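Dear colleague,

I am passing on the structure we spoke about, together with some notes on what came out of going through it. Please read them beside the model.

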Amino acid sequence: MDNSAFWYIDGRWVHPDEASISISDIAVLRGYSVFDSLRTYNRRPFHLGDHLSRLSRSAELIEMNLPLTKEKLTDLIHEAIERNEYKHAAVRILVTGGPSDDGILPGEQPGLAIMVTPLPERDPAYFEKGCRLITTRLQRITPEAKTANYVSAVRALKQAKKRMADDALFVNNLGHVLEATRSNFFIFKGNTLVTPRVGILTGVTRNVVLELARGRFEIEERPILLDELWEANEAFVTSSSREITPVLRIDDLHVNAGTPGSNTRELENRFIAMVEAGNF
């Protein structure tokens, strides 16, 4: 943790070791909060408007009011980026329910925190290494909202760690593969790109990748059956932090013989070109 960083906490700019929220905040007592995470490239926020729209949608889904307008949040996030000198950074926006009088219902004023942490330069070896996933029948609560209720995700990640994997894929009671704990999931069947659309948190990077794929690959947004994974030529996950990361193994299945596929590599190259050109 870089304690020289500047974070915004309820109207004040403080260093991380000075940052705190009340123990009576309903986010602490009951987990009632929403957040969103984005990243910067060369000090420019990646699709900031889309992230703030998703934050607003998450708040709407759990019946929470945001403390500031989208315009004011935009200004604060730009100020947070300016106050910190990181070339590339992760920006996390957290909205809490605020202090609660009875320990059950939120108070009148939601809390707001904006946290900025540095990110390294892209390492090509990370793409080549890819990731290993397991499947889990654990389920997220209100998956369409990005809330701080990560009980299922933490449990799933613990399961993954025990099995020497990097992450876990949620599978529902219909046998539909949904998403990983912090990223969206895609497979290639030949030149057809398939990704779930329902029962997931719709990622900003996910949508960018779909746009990069249009006109080059056939696209199907639909449920992916668990048994269908064995028919996949390639698989990958997307998120702000992971960008595009090949999936090389799922449970006992080695995807594409355990190497990144050519279609995934093509999308990665398109993504890098877009970022380097500043087209976001």
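The notes below take up one helix, then a surface patch and a loop residue.

Please keep in mind throughout that this is a predicted model. Helix H3 runs over residues 70–83, and its 14 residues, at 1.5 Å a residue, should span 20 Å, which agrees with the 20 Å that separates its end C-alpha atoms. Its buried residues are Leu 73, Leu 76, Ile 77, Ala 80 and Ile 81. They lie on the same side of H3, because the arc they cover around the axis is only 140°. This fits the general pattern that an α-helix has 3.6 residues a turn, so that residues three or four places apart point the same way. On the face turned away from the buried side, H3 carries the exposed residues Glu 71, Lys 72, Asp 75 and Glu 82.

On the surface there is a nonpolar patch formed by Ile 21, Ile 23, Val 28 and Leu 29, which together have about 360 Å² of accessible area. Of these, Ile 21 sits in the loop that lies between strand S2 (12–14) and helix H1 (26–30), and it counts as partly exposed because its relative accessibility is 37%.

Ile 104, for its part, belongs to the loop between strand S5 (89–96) and strand S6 (111–118), and with a relative accessible area of 53% it is exposed. Leaving aside residues up to four places away in sequence, Ile 104 touches Ile 26 and Arg 30. Ile 104 and Ser 24 are 80 residues apart in sequence, while their C-alpha atoms are 9.9 Å apart in space.

With best wishes

Technical notes: Residues are numbered from 1 along each chain as its sequence is written. This is a predicted model: local features need pLDDT of at least 70, side-chain atom pairs count only at pLDDT 80 or more; totals for chains, interfaces and linings use all residues. Side-chain values use heavy atoms; hydrogens and water are left out. Patches are made of residues with over 30% relative accessible area and no salt bridge: like charges are joined within 9 Å, nonpolar side chains (Val, Leu, Ile, Met, Phe, Trp, Tyr) within 5 Å. Accessible areas come from the Shrake-Rupley method with a 1.4 Å probe; for residues, only the protein chains shown count as cover. A salt bridge is a side-chain nitrogen of Lys or Arg within 4 Å of a carboxyl oxygen of Asp or Glu. Helices (H or I, at least four residues) and strands (E, at least two) are DSSP runs, numbered from the N terminus. Buried means under 20% relative accessible area, exposed over 50%, partly exposed in between (1.4 Å probe, protein chains only). The expected span of a helix is 1.5 Å times one less than its number of residues. The arc is that of the directions from the helix axis to the C-beta atoms. Contact means heavy atoms within 4.5 Å.
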